Amino acid sequence: MSELLERIKSYQQQIPKAQTVAEGKLVRGIGLTLEAVGCQLPVGSQALVQTIEGEIEAEVVGFADNITYLMPTEAVKGIVPGSRVKPLSRESGIPVGMELLGRVVDSNGQPLDGKGAINTDKRVPLTRPPMNPLLRKPIESPLDVGVRAVNTMLTVGQGQRMGLFAGSGVGKSVLLGMMTRGTSADVVVVGLIGERGREVKEFIHDILGEEERQKSVVVAAPADTSPLMRLKGCETAVSIAEYFRDQGMNVLLLVDSLTRYAMAQREIALAVGEPPATKGYPPSVFARLPALVERAGNGSANQGSITAFYTVLVEGDDLQDPIADAARAILDGHIVLARRLSDSGHYPAIDVEASISRVMPMVVSDEHLAASRRIRQVYSNYQQNRDLISIGAYTKGSDPRIDLAINAEPAINQLFQQGMKQVIPYDDSLTDMMKLAQALGTG
């Protein structure tokens, strides 16, 4: 009898105990956060808050002593003191599958395009443990993005993570659309984070196009959504890209923008009392940026790749902005869009002098690298003396290098410019560049 009791006791110890979470009540609501007592919910879990107009969803974003901090996922209406807070149990993760192709979803993976439910049983977590860097495949081959200036002067490798730095209204979204139409990737995942609602629809219907949408997934978290949904929207786009990479596909991930992601985290962190550090950004912002960026890149031997472009909005065209500075340090290169070029009608407005692809030497031939360096030298020589040339202070024949730069400037600008609907394949881009480099000769 004693043996039986001991065996039953050992079995009972092995059975996991279900933790019962009691319902709580609101004691304070201020700004973006709600404070509740009586419910011990883990950070990141979901809850339902009772209001006089019904129930709204909220997420636990922090705690202090016996107070739980929640942030609603939608506009707060009808909140009263003592409102009931109860745990929300539902299937966790983001729905994924080939059924996502051609669809537009929100931060929770729910459809926004009115095409019905996404019928898939597969789900992936919003975040996952970091990948062992030694298991990643090296970046060895270029990725065609259909943009001649990028293919030739800033060649992108499969699995590279690039930043797209620009002020407002300089052409970031248009350049992303050009890459989507011209890429050789199998799948394109686009995260539109913190953009105006008009821009979301415009990007999907005008810039992206019907044909490109068939191999694309768009995650939209417009500016009028809560900071929590903007934060999750970016992570949802990365999770979907990781799923397709795990299936052995080459994915192009476009996130517009990384700055809005950082701003959403800043709003949440400041709301729960985290102290500001650099120009109003709390330390958690600079911890989350590399965690997000490092999820992209090449997978292991049996997986595909995620080539990522993250747009960074530089306020006042200041490249020393804290987010721009932090992003430059953790990315594999950056493309800078210059306002002076866009104002003069030069599109895409890529400032080749200020841009760099750190993996380009590893994915192109020696001839390609030498040709791009030669064109860059001549172009830079013209830009450095542009003011003297414009006011007529330079006398022709004074410096043969400047004379060559003046003569070559129209041809170089033609190489760097391209129509919004025009797609120039990698091989054609390379042919155009080699012709120009041969005409310029050796430096």
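F286 is partly exposed in this predicted model, with a relative accessible area of 27%. Its aromatic partner is Y281, and the two rings meet edge-to-face, with 6.2 Å from centre to centre and 70° between the planes. Y281 itself is buried, because its relative accessible area of 3% lies under the 20% limit for that class. The ring of Y281 also has a charged neighbour: the charged end of R266 sits over this ring, 4.3 Å from its centre.

The structure holds three aromatic pairs, and one of them is formed by Y281 and F286. Another consists of Y379 and F416, whose ring centres are 5.3 Å apart; their planes stand at 80°, so this pair is edge-to-face as well. Y379 belongs to helix α12 (residues 366-384) and F416 to helix α14 (residues 400-416), so the pair ties together parts that are 37 residues apart in sequence. Y379 counts as buried at 4% relative accessibility, and F416 likewise counts as buried at 2%.

The two pairs described here are set out below.

| Pair | Centre to centre | Angle between planes |
|---|---|---|
| Y281 and F286 | 6.2 Å | 70° |
| Y379 and F416 | 5.3 Å | 80° |

Helix α14, which contains F416, also packs against helix α15 (residues 426-440). In general, two packed helices are described by the angle between their axes and the distance between the axes. For α14 and α15 the angle is about 180° and the axes are 11 Å apart. That angle makes α14 roughly antiparallel to α15. Which residues meet where these helices pack? From α14 come L404, A408, A411, I412 and L415, and they meet D432, M433, L436 and L440 of α15.

Strands are a further topic. Strand β3 (residues 46-51) and strand β4 (residues 54-64) run antiparallel and are joined by six bridges. Within this pairing, A47 stands opposite A58 in β4. The connection from β3 to β4 is a hairpin through two residues. Strand β4 is also joined to strand β5 (residues 67-72), again antiparallel and again by six bridges. Here A64 has I67 in β5 as its bridge partner. Strand β4 thus takes part in two pairings, with β3 and with β5.

The hairpin of β4 and β5 also has two residues between the strands. D65 is placed in the loop between these strands. What is the sign of phi at D65? The angle is positive, at about 55°, although D65 is not a glycine. Is D65 buried or exposed? With a relative accessible area of 80%, D65 is exposed, because this value is over the 50% limit for that class.

Two peptide bonds in the backbone are cis. One joins D256 and S257, with omega of about 10°. S257 is located in the loop between β13 (250-256) and α7 (258-271). Another joins Y347 and P348, where omega is about -10°. P348 lies in the loop between α10 (339-343) and β17 (356-357).

Taken together, several of these features share an element or a residue. Y281 has F286 as an aromatic partner and the charged end of R266 over its ring. Helix α14 supplies F416 to the pair with Y379 and packs against α15. In the hairpin of β4 and β5, D65 takes the positive phi.

Terms used
Residues numbered from 1 in each chain as written. Predicted model: local features only at pLDDT ≥ 70, side-chain atom pairs only at ≥ 80, totals over all residues. Heavy atoms only, no water. Phe/Tyr/Trp six-rings, centres within 6.5 Å; stacked < 30°, edge-to-face > 60°. Buried < 20%, exposed > 50% of the residue type's maximum accessible area, 1.4 Å probe, protein only. Helix = DSSP H or I, 4+ residues; strand = E, 2+ residues; numbered from the N terminus. Lys NZ or Arg CZ within 6 Å of the ring centre and 35° of its normal. Pairing = 2+ DSSP bridges. Axes fitted to C-alpha atoms, helices over the stretch in contact; angles between N-to-C directions. Parallel < 35°, antiparallel > 145°, perpendicular 65-115°, else oblique. Contact = heavy atoms within 4.5 Å.
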